[in-house]
Amino acid sequence: MRNNAPLRRRGGISWSRRLKDYFATAMAVAALLLVLLPLAAIFIYLVQRGLGSISWAFLTQTPKPVGVAGGGMANAILGTGVILGIASAIGVPLGIGAGVFLSEYGRNRFGDAIRFTADVLNGVPSIVIGIVAYSLVVLKQKHFSALAGGVALGIMMIPTITRATEEMLLLVPRSVREAALGLGVSRWRTTVSITLRTAAAGIITGIMLAFARVAGETAPLLFTAFGSQFWSAKINQPIAALPLQIFVYAISPYDEWHRQAWAGALVLIALIVGTIAVVRLIASRGMMKGTA
Amino acid sequence: MGIPRLTPRPLRPREASPVETPPRRTQPASEPAGVRVRVGSRLADELFRYAMIACGLSVAVVLGLILYELVANSTLSLHQFGWEFFSTRTWDPANDVFGALPFIYGTIISSIIALVIAVPLGLGVAVFITEMCPQGLRAILSFSTELLAAIPSVIYGLWAIFVLVPILRLYIEPALIRSLGWTGLFEGPPYGIGMLAAGMVLAVMVVPIISSLTREVLSAVPRNQREAALALGATRWEMIRVGVLRNARAGILGAVILGLGRALGETMAVTMVIGNRPEIARSLLAPGYTMASVIANEFTEATGRLYLSALVEIGLALFLVTIVVNALARLLVWSVTRGVPARVHAQ
């Protein structure tokens, strides 16, 4: 078959095949444009409606009652910071540890099972994780709290960080580990000071992506952090969060609140896109060039 | 449990050749100080290994804990209603009568609308970026689709309420009623808010998932498949169809199913535009309700124990469905990105 393959026709490609080729290309380009359209529309609206409503007061004041103009979301911005801090304290160590396990000790059946579990956990709807954080923390404490919100988001960070850490550690050449071990460095010191160090830029990238992903999560906070109209940074009290505040304001019937919802959304997206941009910068400079 | 089986396979025995091992054993005999260091560091090694295994296990523990908490908190409703919970359509918290059918219906229909829109778009984008795109554009385009995935659900919802819904109400829905009203799928007043709006927002959110996974799968198809098709005189499209898409079928299906998993569990954006009415209507323009949004809306207001238990049971159902869907999708994607060389040689 190989040697007797029929030669291509002299006249080249028939017009109907060529037409089909053009048509397919046109469809792919059309799909791309249709996908980029909402992206552009969302950013244009966010900037247009959000910029007009962002003011110094918005960034420094707490919400005013309905009907009173002004006020802001400063407490929600602080609250998001507190919740994300708790989430990172839970998700980052566990995620890195699990990633180290998968890459250094998990090249076997047991590791495959954990890897698969992490992927499945990644797909669990955030609202379900909210229910679990509610029954684990809120029911025990008898009230909503920043801690419960942090637990929910922390759980969501684990699988992303696990897989990112594993991937980055696997990129570290075997020879680097062998060099350390050959010098008589113990196994754990090799992992901590050599392997993890070498992959640090990539792992930080993964952590920040996980961070950006949970920063905008709303569903799991509805019945854990619950939201608040006041300044609070206590982890045992209900706390405001930027996405929650945007949700409440967006579905309210008041124009003033709608304006503030857009402004809040602009702040949130700036936080997330900023994080991703920093990630890109790290990724393009470090050893992970070309992998992110 | 699984730990003893792991011990025989530490890194060192495989890495260090057998030739190197004897000196290491003889060394401590001549240097007693070295013995203590080795014992100490071996203990540290073991501790470190167990700590890392514990972290790895935590992933499984979390998943188990989720299942346990969901079952434990929904027993009341499980006993009270049994399987009828999923087949009756009355949702009446005041009288403690709970049937989840309207929510299941809403979840399925809104996800189907999303997939109908998102699958062709996602595939088109993936094919364009991997097969047709000029090199210079590729980075920008993949960054843009990545950005689409990074926008939080609430912001999609906000945008949908104030931009998409008015467009639907004023232009698209009246046109659909006029042209396709006879099918019965587009009946009733054009509220803007409803199943169609929810499906469209979901579509925008699902496209990046489908396209990024499809891209991964497409680039796993070996280069020689493409070259073989081109060498036989195929046009670019024929090369993509025969050489690329056909080889990546299983993986693409996996990507689509993973998108479905995301659509099923998506909460905020849907809650904001679907209308939140627990009814089953044939028209796609009518308001509906989904499993995730009923939990989001009613969980904090659920006063009775049975009410709360019924909501948790909906959560349990959602959890189990997404687990199955995700597991299936992962297996399909792995079958392509991992098994490619074997399959190519077999052919």
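Colleague: How many residues of domain 1 of chain A are in contact with domain 2 of chain A?
Modeller: In this predicted model, local features need pLDDT of at least 70 and side-chain atom pairs pLDDT 80 or more, while totals for chains, interfaces and linings use all residues. Residues are numbered from 1 along each chain as its sequence is written, with chains lettered from A and ligands numbered from 1 in the order written. Contact means C-beta atoms, placed from the backbone, within 7 Å. Domain 2 of chain A contributes seven residues, and domain 1 of chain A contributes six.

Colleague: How far apart are the C-alpha centres of domain 1 and domain 2 of chain A?
Modeller: Domain 1 of chain A covers 15–53 and domain 2 covers 59–285 (bounds from an automatic or database domain assignment). The distance between their C-alpha centres is 31 Å.

Colleague: Which helix of chain A gives the most to the side that touches chain B?
Modeller: The contact between the chains takes 76 residues from chain A and 72 residues from chain B. Helices here are DSSP runs (H or I, at least four residues), numbered from the N terminus. With 19 residues, spanning 15–53 as an element, the top contributor on chain A is helix H1.

Colleague: How many nonpolar residues are on the side of chain A that touches chain B?
Modeller: Ala, Val, Leu, Ile, Met, Phe, Trp, Tyr, Cys and Pro count as nonpolar, Asp, Glu, Lys and Arg as charged, and the others, Gly among them, as polar. That side of chain A has 12 polar and 10 charged residues, and its nonpolar count is 54.

How values were computed:
Contact = placed C-beta atoms within 7 Å. Helix = DSSP H or I, 4+ residues; strand = E, 2+ residues; numbered from the N terminus.
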